[in-house]
Amino acid sequence: MKKHNYSAGPCILPQEVFEKSAQAVLNFNNSNLSLLEISHRSKDFVAVMDEARSLVLELLGLEGKGYQALFLQGGASLEFVMIPYNLMKVDGKAAYLDTGTWANNAMKEAKLFGDTVVVASSKEQNYNHIPTEFSIPEDASYFHCTSNNTIFGTQIKSFPKTNLPVVCDMSSDIFSRSLDFSQFDVIYAGAQKNMGAAGATLVVVKESILGKSGRAIPSILDYEKHIKAESMYNTPAVFAVYTCLLTLQWLKNQGGISAIEKINEAKAALLYAEIDRNPLFKGTAAKADRSTMNATFLLQDETHTPIFDRMWKEAGISGLPGHRSVGGYRASMYNALPLESVQVLVNVMKELEKVV
Ligand SMILES: *Cc1c(COP(=O)(O)O)cnc(C)c1O
């Protein structure tokens, strides 16, 4: 039987995405050829890329608003480099909100390009909350934030207002909740958390902010070159892009972001209610900032670890251990994880109370 998969990434995808993409590897569109052995410039694959790009904008509500969607490579980690390369003015500076490991990694790369201002950080409290009450320097080239901190289980609920271009790493909560996505000028996300197979990176960029950095940008790192080439500047990650398309189609059939958001909220509410009710557990993130995607929690008494671990494994759960920088457990509840899987975990937590 299929496991209840709480892996943080790569992670669960809709079952139909696994089935359809497996079929396409064997025989794509009844062509008697594999998706993996045809030209990326063939009519059939260009149609995949075009539909995936337009579905992204449709689902985010960004059609006709001057945005372009690109499927690039190098993961979110390469965007840490491409963002300052494309946006930070020569001798300029950039503003970063430090909410965790990934935010920090993004900032490290920007430092290679110019002055990097940390507007606020929750590092001293091991990133257990999202800082508020900070100001963003008006002379920065852009403001960068991380919408969901995959490792620490926190999520930005309302984004700061600024006149600067806003860049957001949404790797672990893209397409999971309704937001006014037009408040962002660049959104990027590695595919492997809520969208598809590892290997593709989604970048949604507002065209009007490009071409202003004054830098000579290597072609492969230049958003304008990728836009001009319709996301085919070099050979795209064909399999990963195809899995993204299938996930986007699945999401649209579910009713889009607003429909999945309701389910995501129900899943998170169910698990956090048990974390708060059950005296054996405690959550690690500040309640107001809790992520609906990644719930981080600890056992109050670590000596219960072996028995709890045995119980959840026996219940068919996989991928629950927390990241080493937080310890304990992390339940990643991405779009494709069904509510029933959360119920199974909650039942195990209740069961633990009876046996210890
Ligand atoms: C996983 C993750 C990354 C890193 O993604 P790669 O595609 O492996 O480079 C960056 N940011 C966030 C928020 C993540 O969760």
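These legends go through a set of close-up views of one predicted model, from the whole chain down to single residues.

**View 1. The whole chain, with its 9 helices and 14 strands.** Helices (H or I, at least four residues) and strands (E, at least two) are DSSP runs, numbered from the N terminus. Residues are numbered from 1 along each chain as its sequence is written. As the model is predicted, local features need pLDDT of at least 70 and side-chain atom pairs count only at pLDDT 80 or more, while totals for chains, interfaces and linings use all residues; side-chain values use heavy atoms, with hydrogens and water left out. The C-alpha atoms fit a box of roughly 65 × 55 × 30 Å along the principal axes. For 356 residues a compact globule would have a radius of gyration near 21 Å, and the protein chain agrees, at 21 Å. That radius is taken over C-alpha atoms, and the globule rule is 2.2 Å times the number of residues to the power 0.38.

**View 2. An open, mixed sheet of 7 strands.** Read across the sheet, the strand order is 2-10-9-8-5-3-4. Two strands pair if DSSP finds at least two bridges between them. Strand 2 (67-72) and strand 4 (115-121) are the edge strands, each pairing on one side only. Neighbouring strands here are turned by 20 degrees against each other on average, direction ignored. Angles run from 0 to 180 degrees between N-to-C directions, with axes fitted to C-alpha atoms, for helices over the stretch in contact. Zoom in on strand 3 (residues 93-98) and strand 5 (residues 143-146): they pair in the parallel sense over 2 bridges. Ala95 has Phe143 of strand 5 as its bridge partner.

**View 3. Helices 2 and 3 against the strands.** Helix 2 (residues 43-60) packs on the sheet and touches strand 2 and strand 10 (201-206); contact means heavy atoms within 4.5 Å. The direction of helix 2 makes about 130 degrees with that of strand 2. Helix 3 (residues 75-87) lies across several strands, including strand 8 (166-169) and strand 9 (186-190), and runs at about 155 degrees to strand 9.

**View 4. The ligand and the residues around it.** There are 13 residues around the ligand, and Ser77, Thr150, Asp169, Gln192 and Lys193 come nearest. Being near takes a heavy atom within 4 Å. A polar side-chain atom of Thr150 sits 2.4 Å from a ligand oxygen atom, and one of Gln192 is 2.9 Å from a ligand oxygen atom. From Ala76, a polar backbone atom lies 3.0 Å from an oxygen atom of the ligand. Taken alone, the ligand exposes 390 Å², and the protein buries 88% of that; accessible areas come from the Shrake-Rupley method with a 1.4 Å probe.

**View 5. An open antiparallel sheet of 3 strands.** The order is 11-12-14, with strand 11 (281-283) and strand 14 (329-332) at the edges. On average, neighbouring strands of this sheet are turned by 35 degrees against each other, direction ignored. Strand 12 (residues 294-299) and strand 14 run antiparallel and are joined by 4 bridges; the partner of Asn294 in strand 14 is Ser332. Helix 8 (residues 305-314) packs on the sheet, touching strand 11, strand 12 and strand 14, with its direction at about 20 degrees to that of strand 14.

**View 6. Two loop spots with backbone quirks.** Gly9 and Pro10 are joined by a cis peptide bond, with omega about -10 degrees. Pro10 lies in the loop between strand 1 (4-5) and helix 1 (15-26). Asp91 is not a glycine, yet has a positive phi of about 60 degrees. Look for Asp91 in the loop between helix 3 and strand 3.

How values were computed:
A polar contact is a pair of N or O atoms within 3.5 Å; within protein, one must be able to donate a hydrogen and the other to accept it, and residues adjacent in sequence count only if both atoms are side-chain atoms.
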